[in-house]
Amino acid sequence: MTQKRWFQFFIFFICLFSLIFLISITHFIFTPVLQLIGAVALPIIGAGILYYLTRPLMNLLVKYKVPRILAIIIVFLVIIGAITLFIVFIWPIARDQFDRLMESIPGMVQMVEGWINYWQDNIALVPDQVIDAINNFANDIPGHIENVLNNVFGFLGSFIGQLVSIIAGIVLVPFFLFFMLKDGEKLVPFILQFFSKKKADNLHQLLSKIDRVLSAFIQGQLLVSFAVGVLLLIGYLIIGLEYAVVLALFGMMMNVIPFLGPYIAVIPALLVGGFQDPYNLIWVAIIMLVAQQLESTFITPNVMGQTLSLHPLTVITVILAAGSIAGFLGILFAIPVYAVIRTIVIHFYQTFVNSRKNKDDALI
């Protein structure tokens, strides 16, 4: 790399860190803006997810000469129908199983205490250090339960405090979704009109790449999660696992989290299966293994394709970093945000390389 290029990179990083420093000392200006963004984030994100899920159906209807407004109405009817089916057929079963699961927890705790007492009465050959550790853990169980309850009630308190804004955000989701479906295709032309033709074409390629990445992740991840949930439900029903619907729904929701989700999903199933019958530990593990193999071999490649092509180590690193910074929401949105940022960086780098031959190709 020539000395001129090194100097340009040096100036770029100086400007970048200067901008970060200026933003840090003028946070009082950006704080209200971030609060405003946070206020509309829920309806925008919720409507955006539904937009990418329902856009293929709307495009199909429009392709067959259905007026756009009528197509949007049909999409809303499909959404309402899906919610109604869930409430009528699945929710009562899941609620009943969840209530019975909560009622069985004290019995599970007593069983664990019985195992601990049996262990203490039949461990003459176990070192004293191990016995002391077990006793300390058994004595600390009430303290652990109290800490968990305090955290749960603290979460519920903050959740109830934000319940009004959450309800308002949910109410606004249909309105945002309507206008996204109606005018979503007008956004890109509106942005591109402020650029010259060559830069507009370059920017259009970037926005198309971002759209494909978001579409592949949202549609793919939710469809994959639904398929895994169905596979888990079938497997749990075959082995006669109690609370099969609740555990399958939990597995479906956790599978939305890339890579780590399946391991989180299997924990309650293993616990319930172990208390019901120790052999169920093996069967539950086999069911999860089969479901994950089917998902990784047949479902994910056909649904997502190679659009994301993220290495598992990259996924783990991004999820852990996002979780430590932003908690559960960070874990949930880490991969799509990373995929979008990576797409933007790669596109700008490719544009920069092309601009070395022709300056007119530069996006900036």
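A polar contact is a pair of N or O atoms within 3.5 Å; within protein, one must be able to donate a hydrogen and the other to accept it, and residues adjacent in sequence count only if both atoms are side-chain atoms. This is a predicted model, where local features need pLDDT of at least 70, side-chain atom pairs count only at pLDDT 80 or more, and totals for chains, interfaces and linings use all residues. Numbering runs from 1 along each chain as its sequence is written, and side-chain values use heavy atoms, with hydrogens and water left out.

**Exercise 1.** Work out where Thr 343 is and what surrounds it.

*Solution.*
- Start with the helix: Thr 343 belongs to H11, residues 312-355 (helices are DSSP runs of H or I, at least four residues, numbered from the N terminus).
- Next, burial: at a relative accessible area of 11%, Thr 343 is buried (under 20% relative accessible area, 1.4 Å probe, protein chains only).
- Now the polar side: a polar atom of the Thr 343 side chain sits 2.8 Å from the backbone oxygen of Ala 339.
- Finally, skip neighbours within four places in sequence: Thr 343 then touches Leu 206, Lys 209, Ile 210 and Val 213 (contact means heavy atoms within 4.5 Å).

**Exercise 2.** Find out how H8 is placed.

*Solution.*
- Count first: 8 of the 11 residues of H8 are buried, so the helix is largely enclosed by the rest of the structure.
- Then name some: the buried ones include Ala 244, Leu 247 and Ala 248.
- Look for a partner: Tyr 236 is in contact with residues including Ala 244, Leu 247 and Ala 248, leaving aside its neighbours within four places in sequence.

Technical notes: Helix = DSSP H or I, 4+ residues; strand = E, 2+ residues; numbered from the N terminus. Buried < 20%, exposed > 50% of the residue type's maximum accessible area, 1.4 Å probe, protein only.
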